[in-house]
Number of protein chains: 2
Amino acid sequence: MARKTGSHSQITGPKIREQALQLFARHGFAAVSMRQIAAAVGVQAGALYLYTPDKEALLFDLLKTHMDELLAAWAEAPRGTGPMAALEAFVRFHIGFNLSRADAVFLSYMELRNLGPENFAMIESQRRAYETELEDILKTGQQAGTFLIPDTKLATMAIIAMLTGVTTWFREGGRLSRPMVEDIYWDMVRKAVGA
Amino acid sequence: MARKTGSHSQITGPKIREQALQLFARHGFAAVSMRQIAAAVGVQAGALYLYTPDKEALLFDLLKTHMDELLAAWAEAPRGTGPMAALEAFVRFHIGFNLSRADAVFLSYMELRNLGPENFAMIESQRRAYETELEDILKTGQQAGTFLIPDTKLATMAIIAMLTGVTTWFREGGRLSRPMVEDIYWDMVRKAVGA
């Protein structure tokens with residue numbers, strides 16, 4: 001039994017997350033039923049409850065997976081030596097990672113309100129950990145005199161908002177390629193921190 | 001009859017918009033019923049339909065009113081002489097206007113998906129008109145050699161995303177006052193455009 005449930009989860013888990021993410025992003029968390037998600041996955045509604053206790057747990061799973069992957073990918077990203085190289089690496093990493101997960105980014109900003117207090121606090125702390133990664137780079141560069149920043153906390157929030165914004169307008173095959181967009185944003189960020 | 005409907009609309013219109021905005025922002029458009037909005041306003045659900053034909057029309061009304069007010073307020077905002085003064089005026093205006101309407105800003109990014117194609121196109125064109133206001137400032141400054149910008153379109157999107165982001169974290173009575181936040185963001189934007 002345990003084995004069967006386990007292998008069932010392994011097969012449908014990613015598919016459930018993928019379908020739930022798409023449906024939540026398109027229609028909103030509140031508008032989507034567990035039944036609809038099950039139909040999109042191609043299973044009975046009952047099978048969904050083998051994977052997740054309820055819809056909020058599924059939303060939390062999506063947001064947590066997104067943050068886990070973001071933090072893990074950044075931990076492994078190459079970042080050269082010194083604050084300037086680290087900042088450039090962060091800019092390119094953040095744009096690239098988020099562009100490949102626009103639905104999850106949208107959901108992360110939109111549906112936080114549907115998490116219970118504990119789950120909300122968990123996602124918030126992961127988000128803060130990620131922001132701290134950038135702020136540490138800015139502080140190091142500020143102390144080294146590489147960057148000229150009046151407030152590293154606000155610079156962190158400003159840079160992340162600026163970079164994340166790319167997900168709202170970028171279209172593959174549009175006027176600019178991803179590397180060109182990365183170059184232009186890096187130019188603006190570099191100047192914004194006075195480097 | 002017409003007169004009565006008219007005066008009814010004048011009294012409840014702003015109150016309906018206010019309550020609908022709060023409910024949509026808190027729970028999501030899909031999760032809120034016309035009945036809930038009516039209850040929050042303190043009228044019968046039937047009275048709501050004197051004001052608006054349906055829930056999507058009400059959402060459109062909210063997003064359209066937000067854009068109308070944004071464009072009108074910017075048209076009247078003082079902006080000094082030359083691209084540098086105009087850019088500073090835009091930065092301060094955008095932060096100030098959006099901070100006083102955080103719910104409407106949240107809704108404008110989130111619930112566009114719930115508009116029909118015609119209504120969507122209308123809001124999109126207003127948004128583009130607003131973006132063009134900033135891009136024109138950037139182009140003028142670029143041509144005058146005041147700004148050093150590799151791509152005015154991307155700079156426009158980057159600056160708007162950066163400034164709008166303030167609504168997601170700013171709390172009245174926090175570490176920094178609004179004028180201080182405006183000063184710091186103006187410093188970053190000015191540097192980002194190479195001025």
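Q: Which side chain does the side chain of B:Glu88 join in a polar contact of 3.0 Å?
A: In this predicted model, B:Glu88 is found in helix H5 of chain B, which covers residues 82-99. A polar contact requires a pair of N or O atoms within 3.5 Å. At 3.0 Å, the partner of the B:Glu88 side chain is the side chain of B:Arg92.

Q: Is B:Glu88 buried, partly exposed or exposed?
A: Its relative accessible area is 27%. Buried means under 20% and exposed means over 50%, with partly exposed in between. B:Glu88 therefore counts as partly exposed.

Q: What separation is found between the C-alpha atoms of B:Glu88 and B:Glu182?
A: B:Glu88 belongs to helix H5 of chain B. Along the chain, B:Glu88 and B:Glu182 are 94 residues apart. In space, their C-alpha atoms are separated by 9.4 Å.

Q: Is B:Ser108 buried or exposed?
A: B:Ser108 has its place in helix H6 of chain B, residues 102-110. A residue is buried when its relative accessible area is under 20%. The value for B:Ser108 is 4%, so this residue is buried.

Q: Which residue has its backbone oxygen 2.8 Å from a polar atom of the side chain of B:Ser108?
A: Leaving aside residues up to four places away in sequence, B:Ser108 touches B:Leu63, B:His66 and B:Arg127. The backbone oxygen at 2.8 Å from a polar atom of the B:Ser108 side chain belongs to B:Ala104.

Q: What area is buried between chain B and chain A?
A: The contact takes 34 residues from chain B and 34 residues from chain A. Carbon and sulfur atoms give 69% of the buried area. The area itself is about 2,800 Å².

Q: Which three residues supply 23% of the area that chain B buries against chain A?
A: The question concerns the chain B side of a contact that takes 34 residues from each of the two chains. No other three residues of chain B supply more of the area buried against chain A. The three are B:Arg113, B:Leu154 and B:Lys191.

Q: Which residue of chain A forms a salt bridge with B:Asp151?
A: The count between chain B and chain A is 2 salt bridges. In the one formed by B:Asp151, the closest N and O atoms are 2.8 Å apart. The partner in chain A is A:Arg175.

Q: How many nonpolar residues has the side of chain B that touches chain A?
A: Helices H1, H6, H8 and H10 of chain B each supply at least two residues of this side. By class, the side has 4 polar and 8 charged residues. Its nonpolar residues number 22.

Q: How many helices does chain A have?
A: Read along the sequence, chain A follows the pattern α-α-α-α-α-α-α-α-α-α. Its secondary structure includes 0 strands. The helices come to 10.

Q: What percentage of the residues in chain A is buried?
A: The C-alpha trace of chain A spans about 60 × 40 × 30 Å along its principal axes. Chain A has 195 residues. Of these, buried residues make up 49%.

Q: What percentage of residues 33-52 of chain A is helix?
A: UniProt, in an unreviewed entry, lists this span for "DNA-binding region". The end C-alpha atoms of the span lie 13 Å apart. Strand accounts for 0% of the span and helix for 75%.

Q: Which residue forms a salt bridge with A:Arg79?
A: The closest N and O atoms of this pair are 4.0 Å apart. The pair links distant parts of the chain, with A:Arg79 in the loop between helix H4 and helix H5 of chain A and its partner in helix H7, 54 residues apart. A:Arg79 is partly exposed, with a relative accessible area of 27%. The partner is A:Glu133.

Q: Is A:Asp187 buried or exposed?
A: The side chains of A:Asp187 and A:Arg190 meet in a salt bridge of 3.2 Å, N to O. Both residues lie in helix H10 of chain A, 3 residues apart, about one turn of the helix. A:Arg190 is partly exposed, with a relative accessible area of 25%. The relative accessible area of A:Asp187 is 16%, so A:Asp187 is buried.

Technical notes
Residues are numbered from 1 along each chain as its sequence is written. Chains are lettered from A and ligands numbered from 1 in the order in which they are written. This is a predicted model: local features need pLDDT of at least 70, side-chain atom pairs count only at pLDDT 80 or more; totals for chains, interfaces and linings use all residues. Side-chain values use heavy atoms; hydrogens and water are left out. UniProt positions are given in the numbering used here, feature names are shortened, and annotations may be inferred rather than shown by experiment. Helices (H or I, at least four residues) and strands (E, at least two) are DSSP runs, numbered from the N terminus. Buried means under 20% relative accessible area, exposed over 50%, partly exposed in between (1.4 Å probe, protein chains only). A polar contact is a pair of N or O atoms within 3.5 Å; within protein, one must be able to donate a hydrogen and the other to accept it, and residues adjacent in sequence count only if both atoms are side-chain atoms. Contact means heavy atoms within 4.5 Å. Buried area is the accessible area (1.4 Å probe) that two parts lose on being put together, summed over both. Ala, Val, Leu, Ile, Met, Phe, Trp, Tyr, Cys and Pro count as nonpolar, Asp, Glu, Lys and Arg as charged, and the others, Gly among them, as polar.
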